[in-house]
Amino acid sequence: MTEAGFDPLIHAPHRLRICAIAHAATHVEFGELQERLGISKSALSKHVAQLVEHGYLREEHLTREGHSRLRLSLTEPGRRAYRGHTAALKEIIEAAE
């Protein structure tokens, strides 16, 4: 069950897209997110840091083929917050129609 609630942290366009992408997958690499969002590394780092700070995203540092990778995944509280936020957005849209 989701708890409908508009979440200003998630609502920012890049953070909403980060959560949507992470919600659709088990995990996503930082580089893939950067490419899909089309934003700078520093801008993405800022958004990721805010989501991590609030417990919505988890970071995992890996080394693969000699390269350091940062893998991100939504935490369970992050998944609940995302589902609640999208439910709140649907309610807003439906109320206006």
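Student: Is Glu29 buried or exposed, and what relative accessible area does Glu29 have?

Tutor: A residue counts as buried under 20% relative accessible area, as exposed over 50% and as partly exposed in between, with a 1.4 Å probe and protein chains only; Glu29 has a value of 17% and is therefore buried. This is a predicted model, in which local features need pLDDT of at least 70 and side-chain atom pairs count only at pLDDT 80 or more, while totals for chains, interfaces and linings use all residues. Residues are numbered from 1 along each chain as its sequence is written, and side-chain values use heavy atoms, with hydrogens and water left out.

Student: Where is Glu29 found, and which residues is Glu29 in contact with beyond four places in sequence?

Tutor: Glu29 belongs to strand S1, residues 28-29, where strands (E, at least two residues) and helices (H or I, at least four) are DSSP runs numbered from the N terminus. With contact taken as heavy atoms within 4.5 Å, the partners of Glu29 outside that window are Arg64, Arg69, Leu70 and Arg71.

Student: In what order do the strands form the sheet?

Tutor: Strands of a sheet pair through backbone hydrogen bonds, either parallel or antiparallel. Here three strands make an open, antiparallel sheet in the order S1-S3-S2, with pairing requiring at least two DSSP bridges. S1 and S2 (57-64) are the edge strands, each paired on one side only. S2 and S3 are joined by eight bridges, and Thr63 stands opposite Ser68 in S3.

Student: Which residues touch the most other members of the largest nonpolar core?

Tutor: Nonpolar side chains tend to be buried together in soluble globular proteins. A core here is a set of buried Ala, Val, Leu, Ile, Met, Phe, Trp, Tyr and Cys residues joined through side-chain atoms within 4.5 Å; the largest has 21 residues, and Ile18, Leu33, Leu44, Leu51, Leu57 and Leu72 touch the most other members. H1 (8-11), H2 (13-23), H3 (30-37), H4 (41-53), S3 (67-74) and H5 (76-96) each supply at least two residues, and the largest share, four residues, comes from H2. Ile18 itself, leaving out residues up to four places away in sequence, touches Leu33, Leu37, Leu44, His47, Leu51 and Leu57.

Student: How far apart are the end C-alpha atoms of H5, and what do its buried residues pack against?

Tutor: The expected span is 1.5 Å times one less than the number of residues, so the 21 residues of H5 should cover 30 Å, which agrees with the 31 Å between its end C-alpha atoms. Its buried residues, among them Gly78, Tyr82 and His85, pack against H1, H2 and S3.
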